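Reader: I am new to this structure and would like a close look at a single part of it. Please take me through one helix and its surroundings with some care.

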Amino acid sequence: MKGHGDVLSRFPEYKLSDEQREKLHAELFEMMCDFKDICETNNLTFMLCGGTLLGAVRHGGFIPWDDDVDVMMPRADYEKLYSVFDGNEKYYIDGPEKAECAHKMIKIMKRGTTYVEIGSDHPDYPAGKNLFIDIFPIDNMPKGKSKLRALRFYVAFHAASLIYENKYRSPALEKLAKVDKEIKKYYRMRHNFARILRLFGSGKRYTKKALKLADYKKTTGYLGIPLGIAYNREKFEARVLSEVSELDFCGVPFPVPTHYREYLENLYGPDYMSPPPPAKRGSHAVAKFVPFAGENEEGVK
């Protein structure tokens, strides 16, 4: 068992249909355009990142099998989002500033929609259950490898995730574990580990520790996205994450890193322009999806 993603890949009944994914892309694109307008109005800098940037470069829009949107922002602009979206009738922010929230970075949520991934489908799971855009802060990074800091961050980041997973157990995964011994064994191990971690702190406490480690205060000439794939995985000379150009995404120009080739090669390897084989095309497992306000709830299964 390789991990959580490997578990979910075994159950295609929790994948979006082509029709559902088309609706999802349409709604996410509208959200992207709205977010772009709001940032321009408030003089906030952002750029496409991760799979969304790869989609812009390789496909001119969404990666066909992708199901989310990733953008990154300088830390100073990222922290302004709470006040910018305060009182917005269409969107709200779900993030770690709330009294209890499983998210470690800001998500822009659209009111009147429903989107619940397997793993966060417990009715009391402390996170919004709407369509969202992931917002990653661009932070200063230590100049060296900072292995100890990276290790401390890794422990705190994943401890928080394990504790929330244990406290708010997914009904869908509990059901699947009853018919698959390997999955049952895998989640029993994770839950036992989470029980030990809970002796030393809550999910909120570990989240605060991870976020404190991510927000490096010194200017070193290096920037990164520690809340992304891994602490040091998205670390670059400052120019890579500070110089901005534009690329079309579904026919609309969006800001991207000027040095996007360097960024994408670091994330996906030198062959990033070649789509992976179907078996390696990852996507999320979704329990509930309602793309538009007023529509009937669609259970993916």
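Reader: Within what distance do the axes of α6 and helix α9 (residues 203–214) come, and at roughly what angle do they cross?

Author: The model is a predicted one, and in it the axes of α6 and α9 come within 8 Å and cross at roughly 150°. Angles over 145 degrees count as roughly antiparallel, and α6 and α9 are therefore roughly antiparallel to each other. The crossing in which α6 passes α9 is left-handed. On the side of α6, the contact is made by Arg149, Arg152, Phe153, Ala156, Phe157, Ala159, Ala160, Ile163 and Tyr164, while α9 brings Gly203, Lys204, Tyr206, Thr207, Lys209, Ala210, Lys212, Leu213 and Ala214 to it. Sorted by class, the residues of this contact of α6 with α9 are 11 nonpolar, two polar and five charged.

Helix α6, which spans residues 147–167, also packs against helix α8, residues 181–197, and here the angle is about 110° with the axes 9 Å apart. Since angles of 65 to 115 degrees count as roughly perpendicular, α6 and α8 are therefore roughly perpendicular to each other. From α6 the contact takes Ala159, Leu162, Ile163, Glu165 and Asn166, and from α8 it takes Tyr187, Arg190, His191, Phe193, Ala194, Arg195 and Leu197. The classes in the contact of α6 with α8 are seven nonpolar, two polar and three charged residues. Ala159 and Ile163 of α6 take part in the contact with α9 and also in the contact with α8.

From this second contact one can go on to an open space, the second largest pocket, whose volume is about 210 Å³. Glu165, which belongs to the α6 side of the contact with α8, is one of the residues that line this pocket. Tyr187, His191 and Arg195, which stand on the α8 side of that contact, are likewise in the lining, as are Arg169, Ser170, Leu173, Glu174, Ala177, Lys178, Lys184 and Arg188. The elements that give two or more residues to this lining are α7, residues 171–177, and α8, and it is α8 that gives the most, with five residues. By class, the lining of the second largest pocket has three nonpolar, two polar and seven charged residues.

Conventions. Residues numbered from 1 in each chain as written. Predicted model: local features only at pLDDT ≥ 70, side-chain atom pairs only at ≥ 80, totals over all residues. Heavy atoms only, no water. Axes fitted to C-alpha atoms, helices over the stretch in contact; angles between N-to-C directions. Helix = DSSP H or I, 4+ residues; strand = E, 2+ residues; numbered from the N terminus. Parallel < 35°, antiparallel > 145°, perpendicular 65-115°, else oblique. Contact = heavy atoms within 4.5 Å. Nonpolar A, V, L, I, M, F, W, Y, C, P; charged D, E, K, R; others polar. 1 Å grid on protein atoms, 1.4 Å probe; cavity = no way out; pocket = protein on both sides within 12 Å on 5 of 7 lines; lining within 4 Å. Points joined across faces, edges and corners; volume = space filled by probe spheres on them. Left-handed = near helix turned anticlockwise from the far one by under 90°.
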